[in-house]
Structures are given as structure tokens and as C-alpha cells.
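Visitor: I am new to this structure and would like a close look at one part of it. Could you take me through the nonpolar core, and then set it against the chain around it?

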Amino acid sequence: MDSNKVNVNIYGQEYTIVGDNSPEYIARVAAHVDSRMNDIAKGVKGGPLSSLAILSAVNITDEFFRLQDREAALRREYEQLKADSSHYEQLWEEAKKSHLSYKEESQAEISKLSRQKDELMEQMVGKNQEIDRLTRERQKVMQEAKKGSAQAVEEVNAKYRDLENNYFDLQMENIQLKSEMEKLKAELREQRDE
């Protein structure tokens, strides 16, 4: 890489800086040193240029160390985040495996329940057919019972009519007997009175 020569002004003095960095970068570094020296010069009245340069170097070095410490802290934070990320990725993978396992178990359970449902539906259809058969048999028995009942009622009615006729005949006989008895009683009274 070619070296770059840049003329800069630091604290009122011209310097030529040679470096591998871009001229813009070298100018930026020089501007920062100039700014720090001017800031420190405001706080320190008088004194040699070397003291001002040393104080500026100390301040810039302090900034540098602070930035290094901050960079180290950020690196540690980055490493921790990377470890956490890896941990969470592992948890995610385990959760995915667990979910897939649960899904497979659920599908197996759903298949089992579906088969049980189909079996129960078949049993229900069989029971409904049995109920229909029993209902038809019951209706048949009821019809036969109605026929038998109608016949039995007819027979009972016929017997009742016979009994009613016999009762009527008996009443008639009873009336005749009473009439005859009354006649006999009257005759007996007449005979006694005579």
C-alpha cells in the first residue's frame, strides 16, 4: 500500500504526517489532536508547548483506554449474547422436537379415537337395527294381542249377553214366583179367615 503525505495544522503549527491511511483519516486524527490541545490550553494558562502536548497525549490516551475498556466490555457482552443466543437456539430446537413429538403423539391419539368412533358408530348402527327389529316384533305382537283381545272381548260380550238374558229370565221367574206366592199367601189368609 502506498504511503500518504498530509500537511496538517495542530495547535497553530504545520506538520507533515505520512501514513498508510487515507488522507481524510489522517486529517481527522490531526483535527482531533488539535481540538484536544486547544481544549486543554483553555484550562491551563501558559506553560510550555511540551507540557500541553503531554497533557493532550494523556487525555487522548485516557480516551483510548476507555474506548478499549468499552470495546472489551462490548466484546464480553457480545460473547454472552452469542452464548445466550446459542442456548435459546438449542431450547428452540428442543421445543421444535418436543412439538413434533407431541404432534405425532396427538395424531396417533386422534387416529386411535377416530377408529374407536368408527367402531362405536358401527355398534350404534347395529343397536339401531336391533331396536328397529324389536320395534317391528313388538308392533306385530301388539297387533296379534289386539286381535286376540278383540276376540276375547267379543267372547266376553257374548257371555255377558247370555248372562244378562239368563238374569232377565230369572227375574221374570222371580216375579212370577212372587206373584204366585202372593196369591198363595192371600189364599191362606182367606182360608184362615173363614
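Guide: What follows starts with the core and then moves outward to the rest of the chain. Please keep in mind throughout that this is a predicted model. The largest nonpolar core is made up of nine residues, namely Val6, Val8, Ile10, Ile26, Ala30, Met37, Ile40, Ala41 and Leu52. Two elements, strand E1 (4-10) and helix H1 (23-43), each supply at least two residues of this core, and it is H1 that gives the most, with five residues. One member worth following is Ala41, which, when its neighbours within four places in sequence are left aside, is in contact with Tyr11 and with Leu52, the latter being another of the core residues.

Away from this group, there is one aromatic pair: the ring centres of Phe64 and Phe65 lie 5.9 Å apart with their planes at 45°, so the pair is described as tilted. Phe64 has a relative accessibility of 45% and therefore counts as partly exposed, and Phe65, with a relative accessible area of 45%, is partly exposed as well.

As for the surroundings, the protein chain has two helices and two strands, which run β-β-α-α from the N terminus on. Of its 194 residues, 7% count as buried. The radius of gyration of the chain is 65 Å, whereas a compact globule of 194 residues would have one near 16 Å, and the C-alpha atoms fill a box of roughly 195 × 45 × 25 Å along the principal axes.

Key. Residues numbered from 1 in each chain as written. Predicted model: local features only at pLDDT ≥ 70, side-chain atom pairs only at ≥ 80, totals over all residues. Heavy atoms only, no water. Core = buried A, V, L, I, M, F, W, Y, C linked by side-chain atoms within 4.5 Å. Buried < 20%, exposed > 50% of the residue type's maximum accessible area, 1.4 Å probe, protein only. Helix = DSSP H or I, 4+ residues; strand = E, 2+ residues; numbered from the N terminus. Contact = heavy atoms within 4.5 Å. Phe/Tyr/Trp six-rings, centres within 6.5 Å; stacked < 30°, edge-to-face > 60°. Rg over C-alpha atoms; globule rule 2.2 N^0.38 Å.
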